[in-house]
Amino acid sequence: MNPKGTATSYETVDLLIEDSVAQITLNRPERLNAWNAQLGDELRDAILKDAADPSVRAVLITGAGRGFSPGADLKDMHERGASGEEVPDVGDLLSKRYHPIITGIRELPKPVVAAVNGPAVGIGCSLALACDLVWAAESAIFGLAFVNIGLIPDGGSTFLVPAAVGKARALEMALLGEPVPASQAHEWGLVNRVVPDGKLMEETRSLVARLAAGPTLSYANSKRALNNSLFKIMEEQLDLEAEIQSEMAGTSDFTEGVRAFVEKREAAFSGQ
């Protein structure tokens, strides 16, 4: 538990609790806040423990530096494999590290706002869309780039994205893997509002302060009812994502996709 006005730094996540608001900042700016094992573990703790404290009435999630999060740190993953270090099963990673974050945000009995200050791609996109309200800077982009490394969308994006944009656009994002600019994301319904880059934090901090002073039980039960309506399949879908992703991580296409990403070249997929 953090007393009012206390800043806590894990290492890859910064946490500030002040005036009943928990601000969680992904803090690997040198990698645009790409997720490695440590960031996943620390973000999970910040959401499930710190943000869940009853003294916190609203939560703000953002990224340090120029990015929100471009997804998993593929360079780190590749380096670990190349050094002979055992790489954990992707399905286990999703079930034990990523999915508790997504379900934790959805089940928090308080509003959670995403301030998307730059690229939100892959699991970074899933994290943003798991939040209740999404404010994006004009320069932000969104994307499900999993297909570019031979995987499927995960982190709950197979139910979060179609719930927001419908089947046609969800399939476009999943199959083409192309970036969606903030203005287009707003038009599609992925985000609530787009604001000038320099005003993003000012506006989102004002928003969470308003929410923190509001009717907490009303917010909590609105989330509860909408979760039941929109995300009734959440647990089942997360399990399915983990099962399929575990299979996909064993394919030649995934190996080639990661290698091509690290080597900054086009992947030559074989369909195997």
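**Folds, charges and patches in a predicted model**

Buried residues (under 20% relative accessible area, 1.4 Å probe, protein chains only) make up 48% of the 272 residues in the protein chain. This is a predicted model, in which local features need pLDDT of at least 70, side-chain atom pairs count only at pLDDT 80 or more, and totals for chains, interfaces and linings use all residues. Residues are numbered from 1 along each chain as its sequence is written, and side-chain values use heavy atoms, with hydrogens and water left out.

User: How many helices and strands does the secondary structure of the protein chain come to?

Analyst: Helices (H or I, at least four residues) and strands (E, at least two) are DSSP runs, numbered from the N terminus. By that count, the protein chain has eleven helices and ten strands.

User: Which residue forms a salt bridge with Asp45 at 3.8 Å, N to O?

Analyst: A salt bridge is a side-chain nitrogen of Lys or Arg within 4 Å of a carboxyl oxygen of Asp or Glu. Asp45 is partly exposed, a class between the buried limit and the exposed one of over 50%, with a relative accessible area of 22%. Its partner sits four residues away in helix 1 (residues 37-50), so about one helical turn separates the two. That partner is Lys49.

User: Which residues are linked with Asp45 in a network of salt bridges?

Analyst: One contact of Asp45 is with the side chain of Arg44, at 4.0 Å, N to O. The network links Asp45 with Asp41, Arg44, Lys49 and Arg97.

User: Is Arg106, the salt-bridge partner of Asp132, buried or exposed?

Analyst: The side chains of Asp132 and Arg106 meet at 2.7 Å, N to O. Asp132 lies in the loop between helix 4 (123-130) and strand 7 (133-137) and Arg106 in helix 3 (residues 90-107), so the pair ties together parts that are 26 residues apart in sequence. Asp132 is partly exposed, at 23%. With a relative accessible area of 6%, Arg106 is buried.

User: Which residues make a nonpolar surface patch of about 290 Å²?

Analyst: Patches consist of residues with over 30% relative accessible area and no salt bridge; like charges are joined within 9 Å, and nonpolar side chains (Val, Leu, Ile, Met, Phe, Trp, Tyr) within 5 Å. Areas come from the Shrake-Rupley method with a 1.4 Å probe, and for residues only the protein chains shown count as cover. One member, in helix 6 (residues 167-176), is partly exposed at 45%. The patch is made by Leu171, Leu175 and Leu176.
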